[in-house]
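User: Please take me through the labels used for this structure. I want the reasoning behind each one.

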Amino acid sequence: MARSTSKDAQDLFRALWSSYSATPTNLKIIDLYVIFAFFTALIQVVYVALVGSFPFNSFLSGVLSCVGTAVLAVCLRIQVNKENKEFKDLAPERAFADFVLCNVVLHLVIMNFLG
């Protein structure tokens, strides 16, 4: 039973890897950025758990910055993906401009929250 489950998991990972290898490079770069943002948020949470959260607003600002940026990057990935038919008329340059503008607004709010 455990052997068949292990084989099924290996087959699943192989299928996922082979289908992901066909993903365009620009989407892979966005994926790496999202992973980086989430790991940065995770490192901040671990740091607060180990050291303490004296400037709590700073901790919240850092985590919200990472998570917000990751969410905006996921939205960018959805808009730039050629296989997504909902945004077929949206130019990639427009999607990137929206991403940059939303990041500016997000970080202005976060800097204001730092107090």
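What follows is a set of short exchanges on helices, burial, salt bridges, aromatic pairs and cysteines.

Analyst: First, the ground rules: this is a predicted model, with local features needing pLDDT of at least 70, side-chain atom pairs counting only at pLDDT 80 or more, and totals for chains, interfaces and linings using all residues. Residues are numbered from 1 along each chain as its sequence is written, and side-chain values use heavy atoms, with hydrogens and water left out.

User: How do you know that the span of H2 agrees with its number of residues?

Analyst: Helices are DSSP runs (H or I, at least four residues), numbered from the N terminus. The expected span is 1.5 Å times one less than the number of residues. H2 has 27 residues, so 39 Å is expected, and its end C-alpha atoms are 39 Å apart. Just after H2, Gly52 has a positive phi of about 125°.

User: Why is Asp31 called buried?

Analyst: Buried means under 20% relative accessible area, exposed over 50%, and partly exposed in between (1.4 Å probe, protein chains only). Asp31 has 15% relative accessibility, so it counts as buried. Other buried residues of H2 include Leu27, Ile30 and Val34. Leu42, also in H2, is at 46% and therefore partly exposed.

User: What makes Leu42 part of a surface patch?

Analyst: Patch residues have over 30% relative accessible area and no salt bridge; like charges are joined within 9 Å, and nonpolar side chains (Val, Leu, Ile, Met, Phe, Trp, Tyr) within 5 Å. Leu42 has 46% relative accessibility. Its nonpolar patch also includes Phe39, Val46 and Tyr47, and the whole patch has about 870 Å² of accessible area.

User: What makes Asp31 and Arg77 a salt bridge?

Analyst: A salt bridge needs a side-chain nitrogen of Lys or Arg within 4 Å of a carboxyl oxygen of Asp or Glu. For Asp31 and Arg77, the closest N and O atoms are 2.5 Å apart. Asp31 lies in H2 and Arg77 in H3, so the pair ties together parts that are 46 residues apart in sequence. Arg77 is partly exposed because its relative accessibility is 23%.

User: How many salt bridges are found in the whole structure?

Analyst: Four. One of them joins Asp11 and Arg14, at 3.2 Å. Both residues lie in H1, three residues apart. Another joins Arg94 and Asp98, at 3.3 Å from N to O. Both of these lie in H4, four residues apart. An α-helix has 3.6 residues a turn, so residues three or four places apart point the same way.

User: Why is the pair of Phe56 and Phe59 called tilted?

Analyst: Rings of Phe, Tyr and Trp (its six-membered ring) pair if their centres lie within 6.5 Å; planes under 30 degrees apart count as stacked, over 60 as edge-to-face and the rest as tilted. The rings of Phe56 and Phe59 have centres 5.7 Å apart and planes at 45°, so this pair is tilted. Phe59 is buried at 18%, whereas Phe56 is partly exposed at 41%. The rings of Phe96 and Phe99 are 6.1 Å apart between centres, with planes at 35°, so that pair is tilted too. Tyr33 joins Phe96 and Phe99 in one aromatic cluster.

User: How do you know that Cys66 has no bond to Cys75?

Analyst: A disulfide is a pair of cysteine sulfur atoms within 2.5 Å. The sulfur of Cys66 is 16 Å from that of Cys75, the closest cysteine sulfur, so a bond is ruled out. Cys102 is in no disulfide either, with the sulfur of Cys75 8.1 Å away. The search of the whole structure finds zero disulfides.

Conventions. Areas by Shrake-Rupley, 256 points an atom, 1.4 Å probe, with all protein chains shown as cover. Helix = DSSP H or I, 4+ residues; strand = E, 2+ residues; numbered from the N terminus.
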